[in-house]
Amino acid sequence: MSSQVKYDFDKVIDRSGTASYKWDQSEKLFGRADLLPLWVADMDFEPPREVVEAIKARANEGIYGYTIRTEGYYKAVEGWLKRRHNWQIKHEWVTSSPGVVPALSIAVQAFTKPGDGVILQSPVYYPFYDVIKMNGRVVVDNALILEDGRYRIDFDLLERQAADGAKLLLLCSPHNPGGRVWTREELHRIGDICVKHNILIVADEIHHDLVYREHKHTAFGSISEAFEQQSITCIATSKTFNLAGLQAATVIIPNDEIRRKYNYLLKTLSIHMESFFGLTAVESSYTYGDEWLEQLIDYLQGNRDYLLEFVRTRMPQIKAMKPEGTYMVWLDCREVSDNPAVLKKLMFEQAGVAFSEGSVFGKQGAGYLRVNIACPRSILAEALERFANAVQAAVV
């Protein structure tokens, strides 16, 4: 990484009045407009300037018609995965979706039938439940085990659930909300079980670039040819470069028949056309974004460590799970209360902050809160100060 500082992540950008999902509906969602929102997973940082300039240049073309993936797009995606994740993919494996969650829903529809079991590993990103239940499938919960302050996978339970006839596994890697970066060995065990029982693995790897220095993400499909052929991998620039509103995810499907079925349903739903600005953002991010990302990870690691120390010294009754990746921190607030309603009141009414309430990630998330630390440190510090004061008042 260059020693020259190029990006100012301490810069506070006023996002109010920009139709921001995060900043412009606090009153509607939480009952007051003056909350500090550290909940939904977008960042309060500007993307790399090269990406902004590329989008501006695209806008200046003046006609915004239907658009296609170009050779430059494919080279950018393939180069990024090889350079950053040591995964050599092929041009023809690449398809798309308006977002990672739509891709998960398409996979559930295409490769399972109503009533089939779909495995997830709770507590987990709450749309996983939606894409299973709202498609008429059955949630098979391979609940994670909390051990020594971090989550581990219950492989014995996974083996039994796979043998009982589940058809598909939604893998959150890195894990949201717990921040685990699954090791190659853990992923290998998941893959061995799923291949043995003919279960399709759909890997949501949207946070794959956001991994702290002491850890390393392993792309599930990169482990073996067998895993490649029995998996769908979903990635996006939305989390890495703060581009969620541009609606462009990349879906990697090495198996020709699985890809054909996926693309057929994509077209059936008529969501197979590409985002005019999204493709430009993806190509420019993956071409020019390395330096920005390196500096971002350092800044996020500083925010993470700031929060961990703050919680340790100012709120000892709360336990913060140290994330290995993502820009989320999972707080165990059960010594304060395990009642979601109490924690909501504590946040919204007493502290004036909005974190994500944990029960939406699964029943064992009750008593937890998820904090988005992808903001200037001054905002993070203010939010933590507000919350600490409310917690101290509540426990006196």
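A crossing of two helices is called right-handed if the near helix is turned clockwise from the far one by less than a right angle. In this predicted model, helix H12 passes helix H14 in just such a right-handed crossing. Helix H12 covers residues 290-314 and helix H14 residues 377-395, and the two pack with their axes 11 Å apart at an angle of about 20°. Angles under 35 degrees count as roughly parallel, and H12 and H14 are therefore roughly parallel to each other. On the H12 side, the residues that meet H14 are Tyr299, Gly302, Asn303, Tyr306, Leu307, Phe310 and Arg314. Their counterparts in H14 are Arg377, Leu380, Ala381, Leu384, Glu385, Ala388, Asn389 and Gln392.

Attention now turns to the sheets. One open sheet is formed by 7 strands in the order E2-E10-E9-E8-E7-E3-E4, with mixed pairing. Strands E2 and E4 stand at its edges with a single partner strand each, so one side of each is left without a neighbour in the sheet. On average, neighbouring strands of this sheet are turned by 25° against each other, direction ignored.

The mixed character of the pairing can be followed strand by strand. Strand E10 is paired in the antiparallel sense with strand E2 (residues 94-97), over 4 bridges. Within this pairing, Val251 of E10 is the bridge partner of Thr95. Strand E9 (residues 231-236) also pairs with E10 in the antiparallel sense, again over 4 bridges, and here Thr233 has Ile252 of E10 as its bridge partner. The parallel sense appears between strand E7 (residues 168-172) and strand E8 (residues 200-204), which are joined by 5 bridges. In that pair, Cys172 stands opposite Asp204 of E8.

Strand E10 (residues 249-252) deserves a second look. In a regular strand the side chains alternate between the two faces of the sheet. Along E10, Ala249 and Val251 point one way, while Thr250 and Ile252 point the other way. Which of these residues are buried? All of them, on both sides of the strand, are buried. Helix H10 (residues 256-268) lies across E2, E8, E9 and E10, and runs at about 30° to E2.

Ser97, which belongs to strand E2, gives a closer view of this region. Its relative accessibility is 5%, and because buried means under 20%, Ser97 counts as buried. The C-alpha atoms of Ser97 and Thr250 are 6.5 Å apart in space, although 153 residues separate the two in sequence. Beyond its neighbours within four places in sequence, Ser97 is in contact with Pro102, Ala103, Gln247, Ala248, Ala249, Val251, Tyr262 and Leu266. In addition, a polar atom of the Ser97 side chain lies 2.7 Å from the backbone oxygen of Gly99.

A second buried polar residue is worth a visit in the loop between strand E4 (138-141) and strand E5 (145-147), where Asn142 is found. Is Asn142 buried or exposed? With a relative accessible area of 0%, Asn142 is buried. The side chain of Asn142 makes a polar contact of 2.9 Å with that of Gln121. Residues up to four places away in sequence aside, Asn142 touches Ile119, Leu120, Gln121, Ser122, Ile153, Asp154, Leu157, Leu158 and Gln161.

Ala54, placed in helix H2 (residues 49-59), offers another setting. At 22% relative accessibility, Ala54 counts as partly exposed. Which residues does Ala54 touch, not counting those up to four places away in sequence? They are Thr280 and Ser284. Thr280 is 226 residues apart from Ala54 in sequence, yet their C-alpha atoms are 6.8 Å apart in space.

Another open sheet completes the description. In this one, 4 strands follow the order E11-E12-E15-E14, and the pairing is antiparallel. Its edge strands are E11 (319-321) and E14 (356-357), each of which pairs on one side only. Strands E12 (residues 328-332) and E15 (residues 368-372) run antiparallel and are joined by 5 bridges. In this pairing, Tyr368 of E15 is the bridge partner of Asp332.

Conventions: Residues numbered from 1 in each chain as written. Predicted model: local features only at pLDDT ≥ 70, side-chain atom pairs only at ≥ 80, totals over all residues. Heavy atoms only, no water. Buried < 20%, exposed > 50% of the residue type's maximum accessible area, 1.4 Å probe, protein only. Pairing = 2+ DSSP bridges. Polar contact = N/O pair within 3.5 Å; in protein donor to acceptor, adjacent residues only side chain to side chain. Contact = heavy atoms within 4.5 Å. Axes fitted to C-alpha atoms, helices over the stretch in contact; angles between N-to-C directions. Parallel < 35°, antiparallel > 145°, perpendicular 65-115°, else oblique.
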